[in-house]
Amino acid sequence: LDKQRNGRREALGCFRRGELSLGSSQWVATEGQFLRIPGKTARSWLQQRQEETEAEIAGARHRLKAQTQDLLREHPKVTE
């Protein structure tokens, strides 16, 4: 997930800095396919996927934190 998030962050940064034009079409690689889509669509799609990935990462971190707390409750001497 981190690799995907970083790649999308770089692409969104290119749009923000003006390295990619919203008016031209852009190539996007997704799920084993290359698609050529308009710049505005590409940017909105990247933003949507980035938000979904951020939500997945937040959920995974929350689950990991809960699991760690459960383990510490079962074995409190581990932290000594």
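**Exercise 1. A pair within one helix**

Arg 5 and Asp 2 both lie in helix 1 of this predicted model, 3 residues apart, about one turn of the helix. Work out how their side chains meet, and which other residue is linked to them.

*Solution.*
Step 1. Begin with the spacing: an α-helix has 3.6 residues a turn, so residues three or four places apart point the same way.
Step 2. Now look at the side chains themselves. Those of Arg 5 and Asp 2 form a salt bridge, with an N to O distance of 3.0 Å.
Step 3. Next, check the surroundings of each partner. Arg 5 has a relative accessibility of 17%, so this residue counts as buried. Asp 2, with a relative accessible area of 42%, is partly exposed.
Step 4. Finally, widen the view. A network of salt bridges links Asp 2, Arg 5 and Glu 54.

**Exercise 2. Two further salt bridges**

The structure holds 6 salt bridges. Describe the ones formed by Arg 17 and by Arg 49.

*Solution.*
Step 1. Take Arg 17 to begin with. Its partner is Glu 19, and the closest N and O atoms are 2.9 Å apart.
Step 2. Assign the exposure of this pair. Arg 17 is at 52% relative accessibility and therefore counts as exposed; Glu 19, at 51%, also counts as exposed because the cut-off is over 50%.
Step 3. Turn to Arg 49, which forms a salt bridge with Glu 52. Here the closest N and O atoms are 3.9 Å apart, and the cut-off is within 4 Å.
Step 4. Place this second pair. Arg 49 and Glu 52 both belong to helix 2 and sit 3 residues apart, about one turn of the helix. Glu 52 counts as partly exposed, at 37% relative accessibility.

**Exercise 3. Checking the helix lengths**

Test whether the end-to-end span of helix 2 agrees with 1.5 Å a residue, then look at helix 1 in the same light.

*Solution.*
Step 1. Helix 2 covers residues 39-74, which is 36 residues.
Step 2. The expected span is 1.5 Å times one less than the number of residues, so helix 2 should span 52 Å.
Step 3. The end C-alpha atoms of helix 2 are 52 Å apart, in agreement with that expectation.
Step 4. For helix 1, with 16 residues, the reach from first to last C-alpha is 22 Å, close to the 22 Å expected.
Step 5. Look just past the end of helix 1: Gly 18 takes a positive phi of about 90° there.

**Exercise 4. The hairpin**

How do strand 1 and strand 2 run, and how many bridges join them? Which residue in the turn has a positive phi?

*Solution.*
Step 1. The two strands run antiparallel and are joined by 6 bridges.
Step 2. To follow the pairing, find Ser 25, which stands opposite Pro 38 in strand 2.
Step 3. Strand 1 and strand 2 form a hairpin with 2 residues between them.
Step 4. In the turn, Glu 31 has a positive phi of about 50°, although this residue is not a glycine.
Step 5. Glu 31 has a relative accessible area of 71%, so Glu 31 is exposed.

**Exercise 5. What lies inside**

Which residues make up the largest nonpolar core, and what covers the buried residues of helix 2?

*Solution.*
Step 1. The largest nonpolar core has 6 residues: Leu 12, Phe 15, Val 28, Ile 37, Ala 42 and Leu 46. Helix 1 and helix 2 are the elements that give two or more residues to this core.
Step 2. Follow one member outward. Beyond its neighbours within four places in sequence, Ala 42 contacts Phe 15, Gln 26, Val 28 and Ile 37.
Step 3. List the buried residues of helix 2: Gly 39, Ala 42, Leu 46, Gln 50, Thr 53 and Ile 57. Their cover includes helix 1, strand 1 and strand 2.
Step 4. Consider Gln 50 in that list. At 10% relative accessibility, Gln 50 counts as buried. Residues up to four places away aside, Gln 50 touches Gln 4, Arg 5, Arg 8, Arg 9 and Leu 12.
Step 5. Now view the packing from helix 1. Its buried residues are Arg 5, Arg 8, Leu 12, Gly 13, Cys 14 and Phe 15, and what covers them includes strand 1 and helix 2.

**Exercise 6. Confidence**

Which element has the lowest mean pLDDT, and which the highest?

*Solution.*
Step 1. The protein chain averages a pLDDT of 91, and 100% of the residues score at least 70.
Step 2. Among the elements, strand 1 has the lowest mean, 89, and helix 2 the highest, 94.

Methods:
Residues numbered from 1 in each chain as written. Predicted model: local features only at pLDDT ≥ 70, side-chain atom pairs only at ≥ 80, totals over all residues. Heavy atoms only, no water. Helix = DSSP H or I, 4+ residues; strand = E, 2+ residues; numbered from the N terminus. Buried < 20%, exposed > 50% of the residue type's maximum accessible area, 1.4 Å probe, protein only. Contact = heavy atoms within 4.5 Å. pLDDT = per-residue confidence, 0-100. Core = buried A, V, L, I, M, F, W, Y, C linked by side-chain atoms within 4.5 Å. Pairing = 2+ DSSP bridges.
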